[in-house]
Each structure stands twice: as structure tokens, then as C-alpha cells.
Amino acid sequence: MSLRAAVVDRADALACDLDLNHVKEWLAEVPGRKAAGYLPVYAPRELIAAVGMLPVGVHGGGDRLEIIKGDACYQSYICHLPRSVVELLLAGRLDCLSAVLFPSTCDVIRNLSGIWKLQKPGTYVRYLDLPQVLDPSIGVPFWTMEMEHVLGELAELAGCEDPKGGLRQAIADYNAVRERLQVLYAHRRDRPWDIPTAELYLLMRALESLPAQTWMDLSADYLSAIEQEPGRPRDNCRVVLTGAFCEQPPLGLLKTIERAGCYIVDDDLLQGNRMLQGPVSTDGDPVQALAEAFIYTSVKNSVIYEDDPDGKRNLMKTRVEAARADGIVFAAPSFCDPALLDRPMLRAGAEAAGIPCIAFKYAENTGQFQPFREQAGTFSDSIKLWGAG
Ligand code: SF4
């Protein structure tokens, strides 16, 4: 097996591990270890790593899980993610998580925190109010105070005596991760034939269930592999994929878009991994440094309030230019309020700038890709025939 195939296989196995067996193995290696989950889109996983716990992204069952009990907890007109998370929860498949953080992404995630509390009263469940006011004089102290509470409570749960020291190390570890992700995304932007988006996505999923240093080794292997086995360019157009920041599309959908002729050269998949765009300062108080990084460097997205009236209008043009893309694929989970409320503003701004767009909705368990293949294929052909703009 080639190095690339070995890395991708390992990452795929982690993404498919609905019983979190890899987490249980990590826990069993050292008695007393604990793991903590976090829901999308962004939770500061440095706080979890700081106290010696393993941060684990909770993403539901994708297209590998039959939903029975999960449907009983929710009305039909909300997205799929909470149903499959509840299905896993009620089946006891997430019981190895001693704590779970629920960021203020949307009402669905908020309500899911309540269900978790009711169903697993022994688990530390914490709703995280992310700052929606990015004025530093308000947002930094607010977010610092909120994270101080969470860090203190996690430290107590983990029996950690020096959470601030641990946080300094965790910030340094995840700064290295952020830098590596920038390298991977820049490489895919410049040579998308080397890094299929499905592979980059699996690598990012692995990041959500491995310790930072282990993931650094895995991603270093991947970078070596693409040096050894570069891909061959194809006559594809280049697109930005947006709207997929929370509930994740099935892997087959990402492969379908690229096989239909659209290289994805920028995306917001698993956005939480790239929420902070620069390194977090390792000087001074580490909690405040993390808060400042959020206020000053967080990427513009649909789950954070935008105070610039032209912000949404100009955002996609800026992203398309940065990625040297030809067009935009708006891909959002069905019934996703944050993505679908933003879409008309984002699309209007993009079309006013002459950027070709297509749009569709998906669910994490979508199984039929033919309509997407036809839509993406026609989009790619039209760009190649008539060009962008
Ligand atoms: S997919 Fe959208 S609506 Fe559903 S939990 Fe995520 S952000 Fe909320």
C-alpha cells in the first residue's frame, strides 16, 4: 500500500469509528485519562487539551447510521445532525466522553445540549456563549471570563493542577496545527490535482479525534506522500464550496463534485478547525490570548454576527479572488438556518460581481449523487465554454 493510501485509510477509519473505539484505546493507555467532546462549529479545544483530556469532535453518524430514536426527539423540519447525534447518544456509543461543549452555533445545538443533560446526567455538559460583539473592549473580557469558567471546571473534572500551564502548551500545539492546515489548504489551492478534497476532508476529520502531535505526524506523512505521488492536472474549473460548516456532506458528495469537473479550491468544511486564522499569542495570560485571537482573527462565517452592512455582500468576491476560483458552489444542509439565511445575501453579492454560482442542499446521509453530478458537471462545462463573469 502506498503512503498516501495508508494515511487516507487511517483517517477514513477514524471518521467511520462511530463507537469511538480509538478514543477508548487512547483512554486505556493511561489510567485516569478522560476525553471531552465538542459540537460544531467552533469550540476552543485548547481548553480540553490543556487539562490533559482528548478533544473529540462530535459529528453524528453521517451516512452510516440508521436513525430510529433520534427522529423521535425532533420535528421533521430541522437538519439531520442532531438526530444522528442523539441516536449515537442513546445507544451509549458516546459514553466514553466525560464532558461535552456545545457552542452557541444555533438553536438546534443549544437544544441538543439540553437533551444530552437529561439523558446523561453524569456528564459535564457546558453551553458556550461565543461572543457575538467583536468590539475588543467588550468581546475580549466577555470571552476571557467565559473560557476561565470552562477551563476551571474542566480542570476540576480532570484533576489538573496547572491548567494555565497546560493551556500555554496546548496553544503552541494547535498553533502548529493551524500552520499545517494553512500549508495543506494553500497546496490544494495551487495544485488541487495533488490533494483531492475528500482526502483533505478526511485528514481534518482525523484532527478532530487525535491528539495534536499525533495528527501532526499523520499530516506530515500525507505531505510526504503527495511529494512522492503528485497528481495529474485535469481540465476542471475551480470552485469555492461554502455553507457546509456544520453538518458535513457525505464523502461521496465531495468526490462527485470534483469528479464532475469542479476542483474545490477553498471550502468551509469543518470550519472550526480553521476558525482562528492566525497563531494565538504564547505570551501573557493564555486565556486572554485565546479570547483575543477569536475577536481579532476569526474567519467571517454564518454563525458569527456581522456588523458591516456590506460584509456579507462582499465576502464571496473576496474569497473567490483569494482562491483564484471561477465560481461558487453553495452547498448547505437542509433546514440549516445559519447557512440558508445567509445564502441570499452571499449569492446576491457574488452574482453582482459576475461570479457564476450554483446551489443545492444535502443531508449528511444523502445517498443519491447523480443530481449533484449533473449539476456540477453542467456548471463546469458552462464555465469552460463561456468563462466566468
Ligand atoms: S446544520 Fe445548521 S441548523 Fe443544523 S445544527 Fe448545524 S448550524 Fe444548526
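This is a short tutorial conversation about reading the predicted model shown above.

User: Where do I start? How many helices and strands are in the protein?

Analyst: Begin with the inventory: the protein has 15 helices and eight strands. Then look at overall extent. The C-alpha trace spans about 65 × 50 × 45 Å along its principal axes.

User: And how does the radius of gyration of the protein fit a compact globule?

Analyst: A compact globule of 389 residues would have a radius of gyration near 21 Å, and the protein has 20 Å, so the two agree. Buried residues make up 46% of the 389 residues. Contacts tell you about the fold too: among those between residues at least 6 apart in sequence, 77% join residues at least 24 apart.

User: Let's try a helix. Which residues of H10 are buried?

Analyst: Here's the general idea. An α-helix has 3.6 residues a turn, so residues three or four places apart point the same way. Now the case here: Ala 212, Trp 215, Ser 219 and Tyr 222 are the buried residues of H10. Looking down the axis of H10, you'd find these buried residues within an arc of 75°, so they line one face of the helix.

User: What is exposed on the other side of H10?

Analyst: There you'll find Gln 213, Asp 217, Ala 220, Glu 227 and Gln 228, which are exposed.

User: What do the buried residues of H10 pack against?

Analyst: Their partners are four helices: H1 (3–16), H3 (45–50), H8 (163–190) and H9 (197–207). As for length, H10 covers residues 212–228, and its 17 residues reach 24 Å from first C-alpha to last, close to the 24 Å expected at 1.5 Å a residue.

User: Can we practise on H13? Which of its residues are buried?

Analyst: Sure. In H13, Leu 315, Met 316, Arg 319, Val 320 and Ala 323 are buried. These residues cover an arc of only 115° around the axis, which puts them on the same side of H13. The face turned away from that buried side carries the exposed residues Glu 321 and Ala 322.

User: What covers the buried residues of H13?

Analyst: The cover includes both kinds of element: helices H8 and H14 (337–352), plus strands E5 (237–242), E6 (262–267) and E7 (327–333). Also check what comes just after H13, where Arg 324 takes a positive phi of about 50°.

User: On to sheets. In what order do the four strands of the open sheet come?

Analyst: With a sheet, read the order, then the direction, then the edges. The order is E2-E1-E3-E4, and the pairing is parallel. At the edges are E2 (54–57) and E4 (124–128), each of which pairs on one side only. Neighbouring strands of this sheet are turned by 25° against each other on average, direction ignored.

User: How many bridges join E1 to E2?

Analyst: Four bridges, and these two strands run parallel. Within that pair, Gly 37 stands opposite Val 56 in E2. E1 (residues 35–38) also pairs with E3 (residues 97–103) in the parallel sense, over four bridges. There, Ala 35 stands opposite Leu 97 in E3.

User: Are the faces of E1 covered or exposed?

Analyst: Both faces are covered: Ala 35 and Gly 37 on one side, and Ala 36 and Tyr 38 on the other, are all buried.

User: Which strands does helix H7 lie across?

Analyst: H7 (residues 136–158) lies across E1, E3 and E4, and runs at about 170° to E4.

Technical notes:
Residues are numbered from 1 along each chain as its sequence is written. This is a predicted model: local features need pLDDT of at least 70, side-chain atom pairs count only at pLDDT 80 or more; totals for chains, interfaces and linings use all residues. The expected span of a helix is 1.5 Å times one less than its number of residues. A residue is buried if 20 or more other C-beta atoms lie within 10 Å of its own, exposed if 12 or fewer, and partly exposed in between; C-beta atoms are placed from the backbone. The arc is that of the directions from the helix axis to the C-beta atoms. Two residues are in contact if their C-beta atoms, placed from the backbone, lie within 7 Å. Two strands pair if DSSP finds at least two bridges between them. Axes are lines fitted to C-alpha atoms, for helices over the stretch in contact, and angles run from 0 to 180 degrees between N-to-C directions. The radius of gyration is taken over C-alpha atoms; the globule rule is 2.2 Å times the number of residues to the power 0.38.
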